[in-house]
Structure formats: structure tokens, C-alpha cells
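Subject: A structure for you to look at

Hello,

Here is the structure I promised to pass on to you. Please open it beside this email, and then read on for what I found in it.

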Amino acid sequence: MRDCFEVRDDDALGRIGALTVPRADRTVETPALLPVINPNIRTVSPARLEAEFGAEILITNSYIIRSTDDLRERALAEGLHEMLDFSGAIVTDSGSFQLAEYGEIDVTTREILEFQHAIGSDVGTPVDVPTPPDATRETAEADLATTEQALADAEAVDTGEMLVNAPVQGSTHLDLREDAARHADATDLDVFPVGAVVPLMNDYRYADVVDVVAAAKRGLGADCPVHLFGAGHPMMFALAVAMGCDLFDSAAYAIYARDDRYLTVRGTKHLDDLDYFPCECPICTSHTPDDIRAAGDEERERLLAEHNLHVSYGELRRIKGAIREGNLLELVETRARSHPAMLDGYRALLDHARQLERHDPATKGSFFYTSTESARRPEVVRHHDRIGRLDAPDRLLLTEGNAPSGDRFDAAWRLLPPFGPVPRALSETYPFTAELPDRTDAAACEAAARGVAALVDANPDTDVTIAHDDWPDSALALVPDSVTVERLGARPDRDGA
Ligand SMILES: [Zn+2]
């Protein structure tokens, strides 16, 4: 087990964790946001981030510090914490981004890690190669070989108590991502950034982000803290946490503010288009959009950056609350409604329902069926996987109505969309206490029909009858031919009578 990370609560693949950063003498609660501090430009000072926003951890770029004479001298003389005026944990990036942008940098993994250690970084980073999405397999493989060498070089450096990142690359080749993750997990390094996903996010390719993270997670142990490198838009935090990401870094709060862009959990707005602020943060409750439009450039940028930070930290608190209450997927579902690309991301997440199911807690507070996607949730997959183990009697009725009197059947179980057959004894347990809308949709009935088919498959000798409440043909078509199908009395309220 990695002793720097402990999972304290979980929901789907999301977790509340404790990242112990020994050099900073801090335990950081995850999911956590790392504001990106440009050592040359400080939109919001690290001291204010700590005092007013509760920042426990931030990230800055050691390559820029090392390449800038006065910053390098100060960092070496005072140490990073004093230079930035921040007492929490400080993560340093290595210049890999500059390598990807400009093609070369003049520092090795050993040199940059020794420099990061010398300036007092708490989590250092080797020089990995961020391979962009859609690279050829040859390029991705060659880059990965370089990254794996960088991880080996990093392991050989004496970094004392400093934690070290082990970036996971592999472009959009999912098998390479998984292999790279397995390789990173086998090192004695500590934190696992999933790299080079920013171009995917910039293009709204959230489904691809989900697939890349899912591949990385398959290769990483549950004790690996995962950093989604460059992910700073609060709109996608819930989705990324549900996939098992623990750390996010945000340059977005400052970069967007510079262009008058205002972050919300439902997407980005431009200050010019806002008549009202849809937010309860201190900036938005004490200013109108007109006030901020009238402010000078620097003031306007700072105010927008502060709002952007408030909304980002607020969303992470909401996500942690959802994990604690066991309704993270309901939150993801809500966020998925804000943009078709987010809906694609959520649907991609459900494509990995079986991977989620292995970690999803067996018992939670509630299952709310709020969209057709709910029919594909891990709880439904889990029930269908286990249905074959239920002991079915010779003559079994599955009904959406009441159990009939008489001895036509040996037992009457519930027929419960989207789960399917549910023995009465399990009725009051999670997730069968699910809340569904009265107007059940086709997706829920179809999922229930697949559950019936799984039961029949496992119990070929059982004589199964279902009594359904007006199921659509698409669901009835999934019920095996051997099943006797009866329809409960048509509901007058549905016929408008
Ligand atoms: Zn606000």
C-alpha cells in the first residue's frame, strides 16, 4: 500500500481521500483543487488563496523558476514557501509542458528533481513526454519509452521526503494508457497525473477524456492518488471525480478571467452577455455585472478570477457532500444536462459501468431514477450480474402489481424497472428502494426485461410469468419466448379517463 494516500469514503469510482504530504507536514483532503500560480503573474496571491479560499495545495512551474535568474536565486535562497508566501503543500511541474510546446528543454529529470528538492517543493515532477491526443501509435510508444525512462531516473534520485509524480501518458491509445499506468504503479513514485488531456477538454471531447481516465484507472491500484493534469473547469469536476480523479489543477480561473470569461458549473459565460450573476459567492453578491464591466482591467480580472475560484471550490465541496451521501452519480447526471458533450461524457462513463461496479459501495442512501441513463447505472449492472444466483422456485410470478392469492405460483417477486426481478425479501434494501417517476420510460422497462432474461437464463426449468404495467413493445421484445406475459389492468389516468 502507498502510505501517502488513504481512501475514506467512496461512490462510483469517486472517493474522498487523505493525501499525506510529509514535506509540507500536511494532509490534504481530496478531491482537491490546485490553483496554478504563475511565478511571474499573481492574479490572486497564494496567501489569500490560503486564507480566504481554504487552499491546502497549489501548483507552480519549477522550469520557469529555474530559467528566470531572479526567481531562481530567490527560490534557492528563501525556499518556495516563503517566496510564494504559502504554508500549504506546493506541487512543482517540470517543464514537460514547455517540452511539448517548443520541442526541447535544457534540463534532465535528475536536474529538475534535484532543483525542485532544493527549492523546497513538496511534490516534484520528472520530465515526461506529453503525447497529444490522436498521435500515431509509433509516436505514442516512442514517447512512452522516454517517459518510462524518466520515471526510472526519478526513482534513482534521492528526493528525501518530497513526493514525486509518475505521469501516465499514451495519447488516445487506451491499451497504451493502461500499460503506462500499470508501469507507473509498479514504481515507488507517489502521485499519478493523467497527462495530455487538455486538448481533449478544449475540444469538448469529454467522452474521450472518460475513456482515457478509465484506461489509466484499470492500470492503477486503488491506493494511487490520481491527478487529472490541466483540468480546471468546474463543469467537468463531478464527471472526472466519478471516474476516480482526486486532484485537479486550475489555470482556467486566471486565464478565463483575463478574457472576461465567467465560469459556472454549467459552462462558461462571457461577462458582456450577463445581466445577472447566477452565483452566491461574495464577489457576485456584492457586485453587479455592470459594476465589474466598469472596473479597470486589473480589478476586473481579479474580481472574475475570485468568482472563478469560488465556483470551483464550491463545486468540489458539493462533490464531496455527494460522495458522503452516496448520490455522486445523480450530481453527474445533473451536470450532464448542461451540454451535449457532457452528456456524451456521462454516457461514456456508463459504458464503464462494470468497472465502476467493482468499486461502487453496495449500500447508499438513495437511488433516484432521473433520466434514461439511470437505467445503465452500476447498481443495475450489478443486479443483473447477480440475478443468476437467486434461487428461483418452479412456478414464479414477477409482477409490478400486488401478489395474487391462490396457489397458481410458488412465489411472487417484484418486477421492478430498471432492475427486473427482485425477491420480496430484498425489496427494502438498496438499491431496490429506488425512487422512480410514475411515468416509467422505455429504457427502465427494457433494462428490467434484460433482468428477466438473465433470470430465465440461469433457471431454465423455472416456469416464469410476468405481469407488467403497460410496458412498451421494445421492452416486451426482450422478454424470452418461454415467459408467459400478462398485462395488468390499463391505468385509467394514462388513458385520460
Ligand atoms: Zn460568483
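Before the tour, one term: two residues are in contact if their C-beta atoms, placed from the backbone, lie within 7 Å. Please also keep in mind that this is a predicted model.

Let us begin with helix α6, where that term is put to use. The helix spans residues 109-118, and its buried residues are Thr-109, Ile-112, Leu-113, Phe-115, Gln-116 and His-117. What covers them? The cover includes the helices α2 (62-67) and α7, together with the strands β6 (89-93), β7 and β8 (163-164). Just past the end of α6 comes Gly-120, which has a positive phi of about 90°.

One of those covering elements, α7, deserves a second look. Two packed helices are described by the angle between their axes and the distance between the axes. For α6 and α7, the angle is about 45° and the axes are 9 Å apart. The two helices are therefore oblique to each other, and α6 passes α7 in a right-handed crossing. On the α6 side the contact is made by Thr-109, Arg-110 and Leu-113, and on the α7 side by Ala-150, Asp-153 and Ala-154. Sorted by class, this contact has three nonpolar, one polar and two charged residues.

You can compare that with a second helix pair, α8 (residues 174-186) and α10 (residues 206-219). Their axes come within 7 Å and cross at roughly 40°, and this crossing is right-handed. From α8, the residues taking part are Leu-174, Arg-177, Glu-178, Asp-179, Ala-180, Ala-181, Arg-182 and Asp-185; from α10, they are Asp-211, Val-212, Ala-215, Ala-216, Arg-218 and Gly-219. By class, the contact between α8 and α10 has six nonpolar, one polar and seven charged residues.

Now for the annotated positions. In an unreviewed entry, UniProt gives the annotation "binding site" to Asp-128 and Ala-196. They are spread over 69 residues of sequence, yet they cluster in space, with a largest C-alpha distance of 10.5 Å.

Where does Asp-128 sit? Look in the loop between β7 (123-124) and α7 (137-156). Asp-128 has 31 C-beta neighbours inside 10 Å, so it counts as buried. Setting aside neighbours within four places in sequence, Asp-128 is in contact with Ser-96, Thr-147, Ala-150, Pro-167, Gln-169 and Gly-195. You have already met Ala-150, as one of the α7 residues that make the contact with α6.

Ala-196 also lies in a loop, between β9 (192-194) and α9 (198-202). Ala-196 counts as buried because it has 28 C-beta neighbours inside 10 Å. Not counting residues up to four places away in sequence, Ala-196 touches Pro-130, Thr-131, Pro-132, Gln-169 and Ser-171. Try finding Gln-169 in the model: it is among the contacts of Asp-128 and among those of Ala-196.

The unreviewed UniProt entry also lists Cys-279, Cys-281 and Cys-284 under "binding site". Cys-279 is in the loop between β13 (267-270) and α13 (282-286), while Cys-284 is in helix α13. Is Cys-279 buried or partly exposed? With 17 C-beta neighbours inside 10 Å, Cys-279 counts as partly exposed. Cys-284 has 21 such neighbours and therefore counts as buried; the cut-off for buried is 20 or more. Leaving aside neighbours within four places in sequence, Cys-279 is in contact with Cys-284, His-307 and Val-311. With residues up to four places away again left out, Cys-284 touches Phe-277, Cys-279 and His-307.

Here is one more residue to find: Ala-238, in helix α11 (residues 237-242). Ala-238 is buried, because 28 other C-beta atoms lie within 10 Å. Beyond four places in sequence, Ala-238 touches Ile-319, Leu-328, Leu-331, Val-332 and Arg-335.

Finally, zoom out to the whole chain. The chain has 22 helices and 18 strands, and its C-alpha atoms fill a box of roughly 90 × 55 × 40 Å along the principal axes. Of its 497 residues, 48% count as buried. Among contacts between residues at least 6 apart in sequence, 71% join residues at least 24 apart.

Enjoy exploring!

Best wishes

Conventions: Residues are numbered from 1 along each chain as its sequence is written. This is a predicted model: local features need pLDDT of at least 70, side-chain atom pairs count only at pLDDT 80 or more; totals for chains, interfaces and linings use all residues. UniProt positions are given in the numbering used here, feature names are shortened, and annotations may be inferred rather than shown by experiment. Helices (H or I, at least four residues) and strands (E, at least two) are DSSP runs, numbered from the N terminus. A residue is buried if 20 or more other C-beta atoms lie within 10 Å of its own, exposed if 12 or fewer, and partly exposed in between; C-beta atoms are placed from the backbone. Axes are lines fitted to C-alpha atoms, for helices over the stretch in contact, and angles run from 0 to 180 degrees between N-to-C directions. Angles under 35 degrees count as roughly parallel, over 145 as roughly antiparallel, 65 to 115 as roughly perpendicular and the rest as oblique. A crossing is left-handed if the near helix is turned anticlockwise from the far one by less than a right angle, and right-handed if clockwise. Ala, Val, Leu, Ile, Met, Phe, Trp, Tyr, Cys and Pro count as nonpolar, Asp, Glu, Lys and Arg as charged, and the others, Gly among them, as polar.
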